[in-house]
Amino acid sequence: MATRMRTALLLAPHNPKGNHLCDALRQQPELRTTPHGRGCICRGKGLTLRIEVVRSAAEALDLLRQEYYNLLIVDCRNPGGDHQAFAREGEINGFLEALRREPDRERRYPFRRIVVLVGDADASRADRLIFAMGERHVGACVRDRSFIHAHTPEQQEQARRRFVTELWELCRRTLTEKRRGKRAICAAGGGLSGLYYELGVLKCLHDASDLDVGSFDMYFGISAGALVTAGLATGFSIDDLIAKFGGLDRGWPYRLRLEWRHLNLAEVPRRLLLAQKALLEYVSRLARNEDELSVAAILGTYGNVLGPIFDNRPLEEGVRRLLSSPGHSNDFRQLPRPLYIGATDQDRREHVLFGDVGWDDVPISKAIQASTAMHPFFPSVEIKGRYFTDGIVTRTSNLRAAIDKGADLVIVVDPFVPLITDRPGSNARMGNMWVMEQDYKTMSFTRYEQARNEILRRSSKISVYTFVPSNRMRHLMSNQNPFVARNFHAIVCQAYSSTYRRLKVLEYKLAGELASHGMTFDLGPVAAKVAALTAAPRPDAALLLATPSGSGRADVA
């Protein structure tokens, strides 16, 4: 049976023959190797590998930014055994450092797919190089012992054959064995505008792959992301969610908008009593000379009046009706795929995953109510005698939890990011609520970036793709209160189009990563819908739900 061809880029800057590795493969009797371009094609049991040889690090870096290679082989062998090896190692380290410093995290070449070839007449030099590569977390080092001068010609030939066999087996194992990890979607918060953005991103990803975003192995949601991931995990298609949350489906009576009836008026009497009690205690302390008279202290006592503005119980009721409809479930334990919703224990300041062991008996709608309880807009939610508030307080996306539960391909959608501007005083001219929101977003995204970089440094075999709004998108999303349900069509359509542009940049790499998971990647259907959006007189999310003619694909209704 024919095997799918894989590609490898071989950087051999110090090999005088350039194609030395291809020559070595050609001499291996169990392999069939033929010249091809500036490299070779090698065919063996279960693997056909095309090797492209380059001599300079600059050329290798340029190619890696344009094409996807299943493997990067760096030939650090020192066939002459001379003492210029130290300078050569410095050049190789410079090349690897340039890969690591690629500013676009998703475009970085994964170090787990780097194989370093080591060989030197000086065994101590080879040992030091292997140790240095281990510190860089490269995928593997393969040692060629045929360069040791103490070996006889026969021993050198045996060592060469062992080296080639070991390298080929490593390539076969790395490139053909099916990945066993799970696929996860992690969606962060961001209010209604963030929810709309997530719908647009996930719809674009759905259209670009043959895997329905409702068929991932695990779902993690926080705040607005909890609504989206809960919908997918409980059996609603991405089209269903766009139609329902956007008001296109007139059959779903609940609307995601805050109205006068949602004001938390029932809380006002209790808050007034709390303020009165605090004021009396303050006056009592003044009488005992235990406090001093100050305007700040007096105003501080009335801070008790400022309780949560809205009642979030209608949200729980609406979500409960949606998830309890025929064919769906409001019970974590009844879902075909795991769903985890993050919230914050308001008193312990700990993150809790509803849906995890010990918390899977909580209704999904109740978990969503807790996860979206952003102060000062909504009150905390009591569950099992504890009080919970928005999960964004303690986590941004639960990327770490997804990896701990076995995910090796994670799609992160994070709309909770600040607006960036070079205009001095732009934020100072805005109100307190605006500044507070931007500060929350800055802390959240900074935390996520630091955590992601450390997670990926320690977990080199994990593929993580993060989608965040461009600054243009952030302007659009910032033009509305995050809890106001307007600009749905504009945000969803722009999110879809901007995700398409991002996927175009990542196409050469993402297609290869998804192929290792048995998924195809085709931007043709997406391009057709983006063209329709561009030609439309105004943004219309209904255009995303239509199947472009000639695409050969029907979306789930």
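This passage walks through the fold, the disulfide and several buried sites of one protein model.

The model is a predicted one, so local features are described only at pLDDT of at least 70 and side-chain atom pairs only at pLDDT 80 or more, while totals for chains, interfaces and linings use all residues. Residues are numbered from 1 along each chain as its sequence is written, and side-chain values use heavy atoms, with hydrogens and water left out.

Start with the overall picture. The protein has 18 helices and 15 strands; these are DSSP runs numbered from the N terminus, with helices being H or I over at least four residues and strands being E over at least two. Of the 557 residues, 53% are buried, where buried means under 20% relative accessible area, exposed means over 50%, and partly exposed falls in between (1.4 Å probe, protein chains only). About 25900 Å² of the protein is exposed, and carbon and sulfur atoms supply 53% of that area; the areas come from the Shrake-Rupley method with a 1.4 Å probe, and for residues only the protein chains shown count as cover. Contacts (heavy atoms within 4.5 Å) often span long stretches of chain: among those between residues at least 6 apart in sequence, 74% join residues at least 24 apart.

Next comes a sheet. Seven strands make up an open sheet with mixed pairing, in the order β2-β3-β4-β1-β5-β6-β7; two strands count as paired if DSSP finds at least two bridges between them. Its edges are β2 (32-36) and β7 (140-143), each of which pairs on one side only. Direction ignored, neighbouring strands in this sheet are turned by 25 degrees against each other on average. Inside the sheet, β5 (residues 71-75) and β6 (residues 114-118) run parallel, paired over 4 bridges, and D75 sits opposite L117 in β6.

Helices lie against this sheet. Helix α2 (residues 57-64) lies across β1 (5-11), β4 (47-54) and β5, running at about 150 degrees to β1. Helix α4 (residues 123-135) packs on the sheet as well, touching β6 and β7, and its direction makes about 165 degrees with that of β7. For these angles, axes are lines fitted to C-alpha atoms, for helices over the stretch in contact, and values run from 0 to 180 degrees between N-to-C directions.

The structure holds 1 disulfide, with a disulfide taken as a pair of cysteine sulfur atoms within 2.5 Å. The partners are C22 and C40, whose sulfur atoms are 2.2 Å apart. The torsion about their S-S bond is about -80 degrees, so the disulfide is left-handed. C22 belongs to helix α1 (residues 20-26) and C40 to strand β3 (residues 39-44), so the bond ties together parts 18 residues apart in sequence. Both C22 and C40 are buried.

Another parallel pair is formed by β14 (residues 407-413) and β15, joined over 5 bridges, with V410 opposite V464 in β15. Strand β15 (residues 463-467) is mostly covered, as 5 of its 5 residues are buried. In a regular strand the side chains alternate between the two faces of the sheet. In β15, S463, Y465 and F467 point one way, and V464 and T466 the other.

Burial also shows up in the helices. In α11 (residues 313-323), the buried residues are P314, L315, E316, G318, V319, L322 and L323, and their cover includes α7 (224-233), α8 (238-245) and α12 (364-371).

Helix α16 (residues 488-515) contains Q494, a buried residue with a relative accessible area of 17%. Leaving aside neighbours within four places in sequence, Q494 is in contact with R472, M473, L476 and R501. Q494 and M473 are 21 residues apart in sequence, yet 7.2 Å apart in space, C-alpha to C-alpha. S498 lies in α16 too and is buried at 12% relative accessible area. A polar atom of the S498 side chain lies 3.1 Å from the backbone oxygen of A495.

Finally, there is S209, in the loop between α6 (191-208) and β9 (218-222). S209 is buried, with a relative accessible area of 7%, and the S209 side chain reaches the backbone oxygen of T520 at 3.5 Å.

Terms used:
Polar contact = N/O pair within 3.5 Å; in protein donor to acceptor, adjacent residues only side chain to side chain.
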